[in-house]
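Me: Got a structure I'd like to talk through with you. Mind if I throw some quick questions at you?

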Amino acid sequence: APAAGVQALQVRLDGIFKDAAAEELLRAAAFGRLVRNYQLFFPNGDRYDAAFVVASYNRGGSVEGLESFSVTL
């Protein structure tokens, strides 16, 4: 079948958390190595919906009260 086999996509993201709940969800997914569904939105209007595992997660410093992060899905 044309769609048979395993498909893989690795995405690295950098951003700023909009609230503590968003950080808690991402941290739990990273520490638990959980497969979760994510929606990725791109500046050109494209959207990608898929299940990912958080492969790496880093918290950064605070910018105007908001915390930065980087993650690889």
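Me: Where does Ile16 sit?
Reply: Ile16 is in strand S1; strands (E, at least two residues) and helices (H or I, at least four) are DSSP runs, numbered from the N terminus. This is a predicted model, where local features need pLDDT of at least 70 and side-chain atom pairs count only at pLDDT 80 or more, while totals for chains, interfaces and linings use all residues. Residues are numbered from 1 along each chain as its sequence is written, and side-chain values use heavy atoms, with hydrogens and water left out.

Me: Is Ile16 buried or exposed?
Reply: Ile16 is partly exposed, because its relative accessible area is 45%. The cut-offs are under 20% for buried, over 50% for exposed and partly exposed in between (1.4 Å probe, protein chains only).

Me: What does Ile16 touch?
Reply: Leaving out residues up to four places away in sequence, Ile16 touches Leu66, Glu67, Ser68 and Phe69. Contact here is heavy atoms within 4.5 Å. Ile16 and Ser70 are 54 residues apart in sequence, with their C-alpha atoms 8.7 Å apart.

Me: OK, zoom out. What's the order of elements along the chain?
Reply: The pattern reads β-α-β-β-β-β, with one helix and five strands in the chain. The C-alpha atoms fill a box of roughly 50 × 30 × 15 Å along the principal axes.

Me: And how many of the contacts span a long stretch of sequence, say 24 or more positions?
Reply: Of the contacts with a separation of 6 or more, 43% are between residues 24 or more positions apart.

Me: Which residues have the most contacts inside the largest nonpolar core?
Reply: Leu26, Tyr38, Phe52, Val54, Tyr57 and Leu73, in a core of 14 residues. A nonpolar core is a set of buried Ala, Val, Leu, Ile, Met, Phe, Trp, Tyr and Cys residues joined through side-chain atoms within 4.5 Å. Helix H1 (20-32), S2, strand S3 (47-53) and strand S5 (66-72) each give two or more residues to this core, and the largest share, three residues, comes from H1.

Me: What's around Leu26?
Reply: Beyond residues up to four places away in sequence, Leu26 touches Phe17, Tyr38, Val54, Tyr57, Phe69 and Val71.

Me: There's a Glu in H1 too. Is Glu23 buried or exposed?
Reply: Glu23, in helix H1, counts as buried because its relative accessible area is 7%. Not counting residues up to four places away, Glu23 touches Phe17, Tyr57 and Arg59.

Me: What about Arg36, buried or exposed?
Reply: Arg36 lies in strand S2 (residues 35-41) and is partly exposed, since its relative accessible area is 31%. Outside its neighbours within four places, Arg36 is in contact with Leu25, Ala29, Ala50, Ala51 and Phe52. Arg36 and Ala51 are 15 residues apart in sequence and 5.3 Å apart in space, C-alpha to C-alpha.

Me: Switching to the surface: how much of it belongs to carbon and sulfur atoms?
Reply: That would be 54% of an accessible surface of about 5,400 Å², from the Shrake-Rupley method with a 1.4 Å probe, where for residues only the protein chains shown count as cover.

Me: Last one: where is the confidence lowest?
Reply: Strand S4 (residues 56-63) is lowest, at a mean of 84, whereas S3 is highest at 91. The score is pLDDT, the predictor's confidence in each residue, from 0 to 100. The chain averages 87, and 96% of the residues score at least 70.
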